Amino acid sequence: MEKYFVKLGSLLKKSRVQAGLSQQSVAKKLGYGSYQFISNWERGISSPPCGILKKISTIYGIPAQKLYSLLLDDSVHRIEIQLEKEFRKSK
């Protein structure tokens with residue numbers, strides 16, 4: 001499985017650990033029944049929904065704008081990778 005949201009995932013994990021929180025406790029605070037969502041975000045497999053980023057910024061005490069910026073950077077990177085794959089296929 002590809003990792004696309006690496007920068008955001010790294011910051012989320014670092015911030016959660018610094019806040020002394022488990023993935024399960026964060027999942028509960030965000031209204032998720034499973035910590036798997038948090039794990040996938042931290043591993044760069046998926047990203048949190050935009051509406052959740054504000055809640056995460058509050059829980060972790062980091063600026064929401066920083067999270068939005070990293071999400072945008074990682075999304076652009078993901079698109080670039082996908083375009084490169086498509087370009088190679090078309091040759």
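A residue is called buried when its relative accessible area is under 20%. Pro48 comes in at 2%, so it counts as buried. Keep in mind throughout that this is a predicted model.

**View A. The whole chain, before we zoom in: five helices and zero strands.** Reading along the sequence, you get the pattern α-α-α-α-α. The C-alpha trace spans about 50 × 25 × 20 Å along its principal axes. Of the 91 residues in the protein chain, 36% are buried. If you look at contacts with a separation of 6 or more, 59% of them involve residues 24 or more positions apart.

**View B. Pro48, a buried proline in a loop.** You'll find Pro48 in the stretch that links helix 3 to helix 4. Skip the residues up to four places away in sequence, and Pro48 touches Leu8, Leu12, Trp41, Leu53 and Ile56. It's also worth picking out Leu67: this residue and Pro48 are 19 residues apart in sequence, with 9.9 Å between their C-alpha atoms.

**View C. The largest nonpolar core, with 20 residues in it.** Which members touch the most other members? Leu12, Leu30, Trp41, Ile56, Tyr60 and Leu67 do. Every one of these helices puts at least two residues into the core: helix 1 (6-18), helix 2 (23-30), helix 3 (36-42), helix 4 (50-60) and helix 5 (64-90). Helix 4 gives the largest share, at four residues. Two of the well-connected core members, Trp41 and Ile56, are also among the residues that Pro48 touches in View B.

**View D. Two aromatic pairs in the structure.** Tyr32 and Phe37 make a tilted pair, with ring centres 4.5 Å apart and 35° between the planes. Tyr32 also pairs with Trp41, this time edge-to-face, at 5.6 Å centre to centre and 80° between the planes. Put the three together, and Tyr32, Phe37 and Trp41 form one aromatic cluster. How buried or exposed are these rings' residues? Trp41 has a relative accessible area of 5%, so it is buried. Tyr32, at 19%, also counts as buried, since the cut-off is under 20%. Phe37, at 40%, is partly exposed, because that value sits between 20% and 50%.

**View E. Where helix 2 meets helix 4.** The two helices pack at an angle of about 125°, and their axes are 11 Å apart. That angle makes helix 2 oblique to helix 4. The crossing is right-handed. On the helix 2 side, the contact is made by Val26, Lys29 and Leu30, while helix 4 brings Ile52, Lys55, Ile56, Ile59 and Tyr60.

**View F. Closing in on Leu30, one of the helix 2 contact residues.** What does Leu30 contact once its neighbours within four places in sequence are set aside? The list runs Ile38, Trp41, Ile52, Lys55, Ile56 and Ile59. Four of those names, Ile52, Lys55, Ile56 and Ile59, turned up on the helix 4 side of View E. Trp41 is familiar as well, from the aromatic cluster in View D.

**View G. Glu42, a buried glutamate in helix 3.** With a relative accessible area of 11%, Glu42 counts as buried. Which residues surround it, not counting those up to four places away in sequence? Glu42 touches Gly9, Ser10, Leu12, Lys13, Arg16, Gln23 and Tyr60. Leu12 and Tyr60 are the names to look for if you have just come from View C, where both are listed among the core members that touch the most others.

**View H. Arg43, in the loop between helix 3 and helix 4.** Arg43 has a relative accessible area of 38%, so it is partly exposed. Leave out its neighbours within four places in sequence, and Arg43 is in contact with Lys3 and Gln36. Arg43 and Lys3 are 40 residues apart in sequence, yet their C-alpha atoms are 7.1 Å apart in space. Pro48 lies in the loop between helix 3 and helix 4 too, but that proline is buried.

Key:
Residues are numbered from 1 along each chain as its sequence is written. This is a predicted model: local features need pLDDT of at least 70, side-chain atom pairs count only at pLDDT 80 or more; totals for chains, interfaces and linings use all residues. Side-chain values use heavy atoms; hydrogens and water are left out. Rings of Phe, Tyr and Trp (its six-membered ring) pair if their centres lie within 6.5 Å; planes under 30 degrees apart count as stacked, over 60 as edge-to-face and the rest as tilted. Buried means under 20% relative accessible area, exposed over 50%, partly exposed in between (1.4 Å probe, protein chains only). A nonpolar core is a set of buried Ala, Val, Leu, Ile, Met, Phe, Trp, Tyr and Cys residues joined through side-chain atoms within 4.5 Å. Contact means heavy atoms within 4.5 Å. Axes are lines fitted to C-alpha atoms, for helices over the stretch in contact, and angles run from 0 to 180 degrees between N-to-C directions. Angles under 35 degrees count as roughly parallel, over 145 as roughly antiparallel, 65 to 115 as roughly perpendicular and the rest as oblique. A crossing is left-handed if the near helix is turned anticlockwise from the far one by less than a right angle, and right-handed if clockwise.
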